[in-house]
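Here is a quick tour of one protein, with an eye on its charges and its aromatic rings. Have a look at the model first, then read on.

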Amino acid sequence: DWMSPASGGSKAKLGTWEDVSADASGTAGHYRIYASDAVTCHEQGVVTEAGDGGDMTIDSIAISVGQDVFVTAYERTAGNA
């Protein structure tokens, strides 16, 4: 499973989420989570560095080709939690 068990209406990422070799350079501003068909987008949101309050936090929003990119925090809370 890619998410931890729910607790108090919230779920957080499970394990290590990383891209070991970024395909492009630039400044990350958003993310998308796709189904295994790589076509159907289930969610998208704002990506930021630690402390900046985005939906997903990565180690650095400044990305260079070939760089390791780590998701350091991601959590979803149910709308009625």
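Where is the place of Asp68? Asp68 sits in the loop between β7 (62–63) and β8 (69–77). Keep in mind that this is a predicted model.

**The overall picture**

Let's step back for a moment. The protein has zero helices and eight strands, so reading along the sequence gives the pattern β-β-β-β-β-β-β-β. Its C-alpha trace spans about 40 × 35 × 20 Å along the principal axes. Of the 81 residues, 22% count as buried.

**The charged side**

Back to that loop. Asp68 belongs to a negative surface patch, together with Glu18, Asp19, Asp23 and Asp59. With a relative accessible area of 34%, Asp68 counts as partly exposed, because that label covers values from 20% to 50%.

**The aromatic rings**

Now for the rings. A pair of aromatic rings is described by the distance of the centres and the angle of the planes. The count here comes to four aromatic pairs. In one of them, the rings of Trp2 and Trp17 have their planes at 35 degrees, so the pair is tilted; the label fits because tilted pairs are those that are neither under 30 degrees nor over 60. Trp2 and Trp17 link distant parts of the chain, 15 residues apart: Trp2 is in the segment before β1 (10–12), and Trp17 is in strand β2 (residues 17–19).

Buried or exposed, what is Trp17? Trp17 is buried, with a relative accessible area of 15%, because the cut-off for buried is under 20%. Its partner Trp2 is partly exposed, at 43%.

Another pair is Tyr31 with Tyr74, and this one is edge-to-face. It also joins distant parts of the chain, with Tyr31 in strand β4 (residues 30–34) and Tyr74 in strand β8, 43 residues apart. Both Tyr31 and Tyr74 are buried.

Here are the two pairs in a table:

| Pair | Centre to centre | Angle between planes | Type |
|---|---|---|---|
| Trp2 and Trp17 | 5.7 Å | 35 degrees | tilted |
| Tyr31 and Tyr74 | 6.0 Å | 85 degrees | edge-to-face |

Which residues form one aromatic cluster? They are Trp2, Trp17, Tyr31 and Tyr74.

**Putting it together**

Strand β8 makes a handy landmark for both themes: Asp68 is in the loop between β7 and β8, while Tyr74 is in strand β8. Strand β2 is another, as Trp17 lies in this strand (residues 17–19), and Glu18 and Asp19 are among the residues of the negative patch.

Methods. Residues are numbered from 1 along each chain as its sequence is written. This is a predicted model: local features need pLDDT of at least 70, side-chain atom pairs count only at pLDDT 80 or more; totals for chains, interfaces and linings use all residues. Side-chain values use heavy atoms; hydrogens and water are left out. Patches are made of residues with over 30% relative accessible area and no salt bridge: like charges are joined within 9 Å, nonpolar side chains (Val, Leu, Ile, Met, Phe, Trp, Tyr) within 5 Å. Accessible areas come from the Shrake-Rupley method with a 1.4 Å probe; for residues, only the protein chains shown count as cover. A salt bridge is a side-chain nitrogen of Lys or Arg within 4 Å of a carboxyl oxygen of Asp or Glu. Lys and Arg count as positive and Asp and Glu as negative; His and the chain ends are not counted. The place of a charge is taken as NZ of Lys, CZ of Arg, CG of Asp or CD of Glu. Helices (H or I, at least four residues) and strands (E, at least two) are DSSP runs, numbered from the N terminus. Buried means under 20% relative accessible area, exposed over 50%, partly exposed in between (1.4 Å probe, protein chains only). Rings of Phe, Tyr and Trp (its six-membered ring) pair if their centres lie within 6.5 Å; planes under 30 degrees apart count as stacked, over 60 as edge-to-face and the rest as tilted.
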